[in-house]
Amino acid sequence: MLAPRTQNILLVYPRFAPDTFWNFGATCKLFGAQCPAPPLGLITMAAMLPSLWQVRLIDRNAEELTDTDLEWADLVMTGGMLPQQRDTLTVIDLCHALEKPVAVGGPAVTSTPNVYASADFRVLGEAEGVIDQFIAAWNAGHKSGTYEVEKFTVDVTKSPIPRFSLLNFDYYLNIGVQFSRGCPFTCEFCDIIELYGRVPRAKTISQILAELDELYRLGYRGHVDFVDDNL
């Protein structure tokens, strides 16, 4: 039986572990923000979902996730980086307690998929190369599965403008605009080359300008962070 065309999709960004590079609370407090930066990966993925799907975002670094939020959802989509692993597993458990299916994607599950075996769906790799396969499976009524894209093959010049409209700008110190993926260096502390390769792939100038125009249209006038793996 096919799933209905209209779906309620809840995006949940897990909490970062305290006292990490990604969670500098004192600086945020000084500037009246809740956390440093928004979930750029999740809102980019959101722009690839069917237009009829209703999408909401809960960032657990800035706000609470309630049972009411989860009860609204037909599907919960979550995931993030390695410092978010513990809370990602908590989100999976919260979803299952209310019998809600949950899909996990992002760098952490791509690096360590076995850790997230309890998730109903695992999406491994860059979303642009695999999200259509996942959507087709969900619409066909699949209840679980793992969907993986070949590494380093995604053409970022075809990446959509992120769904910046899902954000509450007041939560963040800055808003990110991703310029490139991949890095030519081999720093021992960094996993970028394992996730995105050693050949940088850059968006076009027109893409970056379109993203900045969208932020301006939505009323954002704050600091913009250009996200570049080489940096």
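**Around Asn-8: a six-stranded sheet and its surroundings**

Let me begin with one residue, Asn-8, which touches Gln-54, Trp-72, Ala-73, Asp-74 and Leu-75 when residues up to four places away in sequence are not counted, a touch or contact being heavy atoms within 4.5 Å. Before going on, I should say that this is a predicted model, in which local features need pLDDT of at least 70 and side-chain atom pairs count only at pLDDT 80 or more, while totals for chains, interfaces and linings use all residues. Residues are numbered from 1 along each chain as its sequence is written, and side-chain values use heavy atoms, with hydrogens and water left out.

Asn-8 lies in strand E1, where helices (H or I, at least four residues) and strands (E, at least two) are DSSP runs numbered from the N terminus. A polar atom of the Asn-8 side chain lies 3.1 Å from the backbone oxygen of Trp-72; a polar contact, for our purposes, is a pair of N or O atoms within 3.5 Å, where within protein one must be able to donate a hydrogen and the other to accept it, and residues adjacent in sequence count only if both atoms are side-chain atoms.

Gln-7 sits in the segment before E1, and with a relative accessible area of 3% Gln-7 is buried, given that buried means under 20% relative accessible area, exposed over 50%, and partly exposed in between, with a 1.4 Å probe and protein chains only. The side chains of Gln-7 and Trp-138 are joined by a polar contact of 2.8 Å, and the residues that Gln-7 touches, again leaving out those up to four places away in sequence, are Leu-52, Trp-53, Gln-54, Asp-74 and Trp-138.

Where does E1 stand in the sheet order? The sheet is open, has six strands with parallel pairing, and runs in the order E2-E1-E3-E4-E5-E6, two strands being paired if DSSP finds at least two bridges between them. Strand E2 (54-59) and strand E6 (145-148) are at the edges with a single partner strand each, so one side of each has no neighbour in the sheet. From one strand to the next, the twist averages 20°, with axes taken as lines fitted to C-alpha atoms, for helices over the stretch in contact, and angles running from 0 to 180 degrees between N-to-C directions.

Helix H4 (residues 85-97) packs on this sheet, where H4 touches strand E1 (8-13), strand E3 (75-78) and E4, and the direction of H4 makes about 165° with that of E4. Helix H6 (residues 131-139) packs on the sheet as well, touching E3, E4, E5 and E6, and its direction makes about 160° with that of E3.

Returning to E1, five of its six residues are buried, leaving the strand mostly covered. E1 runs parallel to E2 and is joined to it by six bridges, with Tyr-13 opposite Asp-59 in E2. Four bridges join E1 to E3, also in parallel, and here Ile-9 stands opposite Leu-75 in E3.

Finally, two loop residues deserve a look, since most residues other than glycine have a negative phi. Glu-99, in the loop between H4 and E4, has a positive phi near 60°, and at 72% relative accessibility Glu-99 counts as exposed. Phe-152, in the loop between E6 and strand E7 (175-181), has a positive phi of about 65°, and at 38% relative accessibility Phe-152 counts as partly exposed.
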